Amino acid sequence: MSRFVLAALLLAATAAQSQTLQPAGSEIVFVSKQMGVPVEGRFQRFSLPGFSFDPKKPEAAKVAIQIDLRSASMGAADVEAELAKPEWFDSKRQPNASFTAQTVKALGGGRFELQGPFTLKGISKPLTVQLQLSPAGLASGQFVIKRGDWQIGAGEWADTAIVAAEVQVKFKFQFSGMPPL
């Protein structure tokens, strides 16, 4: 292997490794409606293991997210204890949710569409996520899940008159070392 090829491979590997999630500028927020009133929560712990994203080559991206369901915070200990129960997140038996992009498609203007399985409570279903990438390395977006698809709020909580069927998930991930758009 020539020195040029070796140097190019090393430079490419270094560029990919330099993309680092900045926790201070990152968050995952979920919003449900209870009796018609929006209620917001957030996940305090999550990671993007093996993240690699070049906006000029989105088809080669590696995007996976792990969310620690035990870190759900809604500002009240009794509500957070309820979320851990089997009727909701069942986070003692299934502590993580995950999303892995199997395809990433550029939509133009720094927008991308990611498709892949979203797994929660051991249930995997396809999910499409819209992503907006800023020149400063901020990746943001949102998606909606139907809680019944993942058995969130089962049993007496399955009635959507009290807790709405849809949950909006909003995220922003701040990265350092993101290649330019």
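Which element gives the most to the lining of the largest pocket? The legends below start there; please keep in mind that this is a predicted model.

**View 1. Welcome to the largest pocket, with a volume of about 690 Å³.** The lining is made up of 42 residues, and those closest to the pocket centre are Ile 28, Phe 30, Phe 43, Val 167 and Val 169. Several elements give two or more residues to this lining: strands β1 (20–34), β4 (64–68), β6 (96–100), β8 (111–120), β9 (123–133), β10 (138–146) and β11 (166–176), together with helix α2 (77–83). To answer the opening question, β11 gives the most, with five residues.

**View 2. Here is the lining of the largest pocket again, now by residue type.** What kinds of residue would you meet along it? Of the lining residues, 38 are nonpolar, while two are polar and two are charged.

**View 3. Meet Ser 32, a residue of strand β1.** Is Ser 32 buried or exposed? Its relative accessible area is 8%, and under 20% counts as buried, so Ser 32 is buried. Leaving out residues up to four places away in sequence, Ser 32 touches Val 37, Pro 38, Val 39, Glu 166 and Val 167. One of these contacts, Val 167, also appeared in View 1, among the residues closest to the centre of the largest pocket.

**View 4. Phe 51 and Phe 53 are one of the aromatic pairs, of which the count comes to eleven.** The ring centres of Phe 51 and Phe 53 are 6.3 Å apart and their planes meet at 10 degrees, so this pair is stacked. Both Phe 51 and Phe 53 are buried. Look a little further and you will find that ring pairs join Phe 51 and Phe 53 with Phe 112 and Phe 175 in a cluster.

**View 5. Phe 118 and Trp 150 form an edge-to-face aromatic pair.** From centre to centre, the rings of Phe 118 and Trp 150 are 5.4 Å apart, with 75 degrees between the planes. Where do the two partners lie? Phe 118 sits in strand β8 and Trp 150 in the loop between β10 and β11, so their pairing ties together parts that are 32 residues apart in sequence. Phe 118 counts as buried, at 6% relative accessibility. Trp 150 is buried too, with a relative accessible area of 2%.

Key. Residues numbered from 1 in each chain as written. Predicted model: local features only at pLDDT ≥ 70, side-chain atom pairs only at ≥ 80, totals over all residues. Heavy atoms only, no water. 1 Å grid on protein atoms, 1.4 Å probe; cavity = no way out; pocket = protein on both sides within 12 Å on 5 of 7 lines; lining within 4 Å. Points joined across faces, edges and corners; volume = space filled by probe spheres on them. Helix = DSSP H or I, 4+ residues; strand = E, 2+ residues; numbered from the N terminus. Nonpolar A, V, L, I, M, F, W, Y, C, P; charged D, E, K, R; others polar. Buried < 20%, exposed > 50% of the residue type's maximum accessible area, 1.4 Å probe, protein only. Contact = heavy atoms within 4.5 Å. Phe/Tyr/Trp six-rings, centres within 6.5 Å; stacked < 30°, edge-to-face > 60°.
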